[in-house]
Amino acid sequence: MRTPIAHRGLHAAADGRPENSLAAFAHACALGFPAEMDVRLTRDGEVVVFHDRALERLTGASGSVDERTAAELRGLRLLGTAEPVPLLRDVLALVAGRVPLLIELKPSALGADLEHAVVEALAGYEGEVAIQSFHRRALRELDRVGAPHAVGHLSRWRPVPAVGVRPAFVGRHVASAPLRVVSPRRGAGPVVLAWTVRSAEQARRALRFVDNYIFEGFVPVLADEHRVTGPRSGAGAAR
């Protein structure tokens, strides 16, 4: 199954669903799309769902995520809406296995604490989850701790690198999709995921070279057989 993945949830700030918000993830669930999200570590060791290191663009607050506690961050609001900054456990409780989740680990100054905190937060979660990162160290750490999730490596242009582990999937910027060097023949290598696709036409072109894609700014039309109806096993969030 190759169900397209909603980038930072199925978001539209003008409709009260800012990126990486509970409303955006709820809308993805309602329409049957897997959801991608970004996670960072708070000052007190909680996993928060937030893309930027700096708070200003999304909340208007000063400083950075890793300077704030989870309680402080949950008191902020996203892009002028009523939506709070969610923690990973908030999103897991909301989604509850209805659609697959794709979690991107954002860099942390706290070493491997983020990897460990994410694996711990996912313990006992029964929905399908895949994890990805641009950072080789993160992939090696997930392998070292035996994370029971599909793990993928993100890279803007380069071919699949030697990272000490074999990723279940690789993420490539959509502009690099036509380059054969970064698009393994299907069945001959890991699943290839394109990001971020912003139109149906761009999706059509990308799918000539990749297995699936992350999208925003439009809503792909799903055939009935591609609709997600519940948790599945494997790396379905990336397929």
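In this predicted model, Asp 66 is a convenient place to begin, since its relative accessibility of 25% places it among the partly exposed residues. The side chain of Asp 66 meets that of Arg 53 in a salt bridge, with N and O 3.3 Å apart. Asp 66 belongs to the loop between α2 (56-59) and α3 (70-74), whereas Arg 53 sits in the loop between β3 and α2, so the pair ties together parts that are 13 residues apart in sequence. Arg 53 is likewise partly exposed, with a relative accessible area of 47%.

Side chains of opposite charge can pair when their charged atoms come close, and the structure holds 14 salt bridges of this kind. One of them joins the side chains of Glu 46 and Arg 89, at an N to O distance of 3.2 Å. Because Glu 46 lies in the loop between β2 and β3 while Arg 89 lies in helix α4, this pair ties together parts that are 43 residues apart in sequence. Glu 46 counts as partly exposed at 25% relative accessibility, and Arg 89 is partly exposed as well, with a relative accessible area of 44%.

Helix α4 also contributes Asp 90, which forms a salt bridge with Arg 74, the closest N and O atoms being 2.9 Å apart. Since Arg 74 lies in helix α3 and Asp 90 in helix α4, the pair ties together parts that are 16 residues apart in sequence. The two partners have unlike surroundings, for Arg 74 counts as partly exposed at 33% relative accessibility, whereas Asp 90 is buried, with a relative accessible area of 16%. Elsewhere, salt bridges that share partners join Arg 8, Glu 19, Asp 38, Asp 52 and Arg 57 into one network.

From the charged pairs we may turn to helix α5, which spans residues 113-122 and whose buried residues are Leu 114, Glu 115, Ala 117, Val 118, Val 119 and Leu 122. Which elements do the buried residues of α5 pack against? They pack against the strands β2 (35-41), β3 (47-49), β4 (101-105) and β5 (129-133), and also against the helices α4 (88-95) and α6 (136-144). After α5 comes Gly 124, which has a positive phi, near 90 degrees.

The packing of α5 on α6 can be described in further detail. Two packed helices are described by the angle between their axes and the distance between the axes. For α5 and α6 the angle is about 45 degrees and the axes are 9 Å apart; the two helices are therefore oblique to each other, and their crossing is right-handed. On the α5 side the contact is made by Glu 115, His 116 and Val 119, and on the α6 side by Arg 137, Ala 138, Glu 141, Leu 142 and Arg 144. Of the α5 residues in this contact, Glu 115 and Val 119 are listed among the buried residues of the helix.

The aromatic side chains add another set of links, with a count of four aromatic pairs. In one of these, the rings of Phe 134 and Trp 195 have their centres 5.7 Å apart and their planes at 90 degrees, so the pair is edge-to-face. This pair links distant parts of the chain, because Phe 134 lies in the loop between β5 and α6 and Trp 195 in strand β8 (residues 191-197), 61 residues apart. Phe 134 is partly exposed, with a relative accessible area of 34%, while Trp 195 counts as buried at 13% relative accessibility. Ring pairs also link Phe 33, Tyr 213, Phe 215 and Phe 218 into a cluster.

Trp 195 leads on to the backbone. Most residues other than glycine have a negative phi, and most peptide bonds are trans. A cis peptide bond, however, joins Trp 195 and Thr 196, with omega about -20 degrees, and Thr 196 lies in strand β8. Leu 79, although not a glycine, has a positive phi of about 50 degrees; Leu 79 lies in the loop between α3 and α4 and counts as partly exposed at 36% relative accessibility. Ala 96, also not a glycine, has a positive phi of about 50 degrees. Ala 96 is placed in the loop between α4 and β4, where it counts as exposed at 54% relative accessibility.

How values were computed:
Residues are numbered from 1 along each chain as its sequence is written. This is a predicted model: local features need pLDDT of at least 70, side-chain atom pairs count only at pLDDT 80 or more; totals for chains, interfaces and linings use all residues. Side-chain values use heavy atoms; hydrogens and water are left out. Buried means under 20% relative accessible area, exposed over 50%, partly exposed in between (1.4 Å probe, protein chains only). Helices (H or I, at least four residues) and strands (E, at least two) are DSSP runs, numbered from the N terminus. Contact means heavy atoms within 4.5 Å. A salt bridge is a side-chain nitrogen of Lys or Arg within 4 Å of a carboxyl oxygen of Asp or Glu. Rings of Phe, Tyr and Trp (its six-membered ring) pair if their centres lie within 6.5 Å; planes under 30 degrees apart count as stacked, over 60 as edge-to-face and the rest as tilted. Axes are lines fitted to C-alpha atoms, for helices over the stretch in contact, and angles run from 0 to 180 degrees between N-to-C directions. Angles under 35 degrees count as roughly parallel, over 145 as roughly antiparallel, 65 to 115 as roughly perpendicular and the rest as oblique. A crossing is left-handed if the near helix is turned anticlockwise from the far one by less than a right angle, and right-handed if clockwise.
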